[in-house]
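Visitor: I've got a model open and no idea where to begin. Can we start with some vocabulary?

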Amino acid sequence: MSSADELTVTNSAVRHTLIAAREVIGKKQLYESLMKANLNRFIQALPPDDLKENMKASEYALLSQTILKEYQEDGPEILRRIGRSAFQSAIQNSSFSLNMVRKVLAYLSTSQQINLVLNSLAEAQKKTNPQTDVWAEDQNGIKTYIDGTCLECTGRKESQPSCYILAGFLNEAVRWAAGPGFNVIEKNCISRGDDFCRFVVQR
Ligand SMILES: [Zn+2]
């Protein structure tokens, strides 16, 4: 890994985030946020669903921050909803296949279901975007997803954990794999000086 500024986001990830954002905040609001974040090039057309890279992580982070500010106290929940919806958009798509995971879920305990989906997401992330460094842990039943190269807060300075899109995405993944009743909360965040963005699954 060289400088964090060189991190990029795959077209596929951008596409699913933008589809989700359009769904949650509407076309007009999304366009305004894209303009404020100097991302006008994504207004005319969504990027294709491929693994090429056409957005810097710092741009992706700025879009998240722009929406967060725009909605003030509702910002975190809006972004979490975007993340949840992005997972749904992604899973309905063939290039982001959790089909193998889906097939074995029925044979696993809830704990194993959560571990499997978090590990699979980390593996998928590293495979589709080799610059990134993410992994899942289960320490005495405390399940975490740890991101050492978080795309959502690259270049940001925040006073509290602020990667709400990713938190919502992970939350929806856990719900998909293990059912309702879990919350994914970000406890540590690079944007406030921590070494990693760290997300904990809570009951
Ligand atoms: Zn982050």
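Guide: Sure, angle words for helices. Under 35 degrees is roughly parallel, over 145 is roughly antiparallel, 65 to 115 is roughly perpendicular, and the rest is oblique. The angles run from 0 to 180 degrees between N-to-C directions, and the axes are lines fitted to C-alpha atoms, for helices over the stretch in contact.

Visitor: And what am I looking at?

Guide: A predicted model, where local features need pLDDT of at least 70, side-chain atom pairs count only at pLDDT 80 or more, and totals for chains, interfaces and linings use all residues. Residues are numbered from 1 along each chain as its sequence is written. Helices (H or I, at least four residues) and strands (E, at least two) are DSSP runs, numbered from the N terminus.

Visitor: Start with α1 and α2. At what angle do they cross?

Guide: Roughly 125 degrees, and the axes come within 7 Å. So α1 and α2 are oblique to each other.

Visitor: Which residues meet there?

Guide: From α1, Ala21, Arg22 and Ile25. They meet Lys27, Gln29 and Leu30 of α2. Two residues are in contact if their C-beta atoms, placed from the backbone, lie within 7 Å.

Visitor: Next up, α4 and α5. How far apart are their axes?

Guide: The axes of α4 (residues 57-70) and α5 (residues 75-91) are 7 Å apart, and the angle is about 135 degrees. That makes α4 oblique to α5. On the α4 side, the contact has Ser64, Ile67, Leu68, Lys69 and Glu70. On the α5 side, it has Gly75, Ile78 and Leu79.

Visitor: What joins those two helices?

Guide: A loop, and glutamine 72 sits in it. Its phi is near 45 degrees, a positive value in a residue other than glycine.

Visitor: Is glutamine 72 buried or exposed?

Guide: Exposed, because it has 9 C-beta neighbours inside 10 Å. The rule counts other C-beta atoms, placed from the backbone, within 10 Å of a residue's own: 20 or more is buried, 12 or fewer is exposed, and in between is partly exposed.

Visitor: What other residue has a positive phi without being a glycine?

Guide: Asparagine 38, at about 55 degrees. Look for asparagine 38 in the loop between α2 and α3 (41-44). Asparagine 38 is exposed, with 11 other C-beta atoms within 10 Å.

Visitor: Give me something buried now.

Guide: Take leucine 63, in helix α4. It has 25 other C-beta atoms within 10 Å, so it counts as buried.

Visitor: What does leucine 63 touch?

Guide: Ser33, Leu34, Ala37 and Leu39, leaving aside neighbours within four places in sequence. Leucine 39 is 24 residues from leucine 63 in sequence, yet their C-alpha atoms are 8.1 Å apart.

Visitor: Any pair that sits further along the chain?

Guide: Try glutamine 131 and valine 9, which are 122 residues apart along the chain. Their C-alpha atoms are separated by 9.8 Å. Glutamine 131 belongs to the loop between α7 and β3 (134-139). Glutamine 131 is partly exposed, with 15 C-beta neighbours inside 10 Å.

Visitor: And asparagine 93? Where does it lie?

Guide: In the loop between α5 and α6 (99-105). Asparagine 93 is partly exposed, with 14 other C-beta atoms within 10 Å. From its C-alpha to that of glutamate 32 it is 27 Å, with their positions 61 residues apart in sequence.

Visitor: Back to helices. How do α5 and α8 pack?

Guide: At about 50 degrees, with axes 6 Å apart. They are therefore oblique to each other. Residues in this contact include Leu79, Ile82 and Phe87 of α5, and Leu166, Phe169 and Trp176 of α8.

Visitor: Now the core. How many residues has the largest one?

Guide: The largest nonpolar core has 51 residues. Such a core is a set of buried Ala, Val, Leu, Ile, Met, Phe, Trp, Tyr and Cys residues joined through C-beta atoms within 7 Å. The elements giving two or more residues to this core are α1 (11-25), α4, α5, α7 (110-128), α8 (164-178) and β6 (197-202).

Visitor: Which one gives the largest share?

Guide: Helix α8, with 10 residues.

Visitor: And which residues have the most contacts inside the core?

Guide: Cys163, Leu170 and Val174. Valine 174 touches Ile114, Val117, Phe182, Val184 and Val201, not counting residues up to four places away in sequence.
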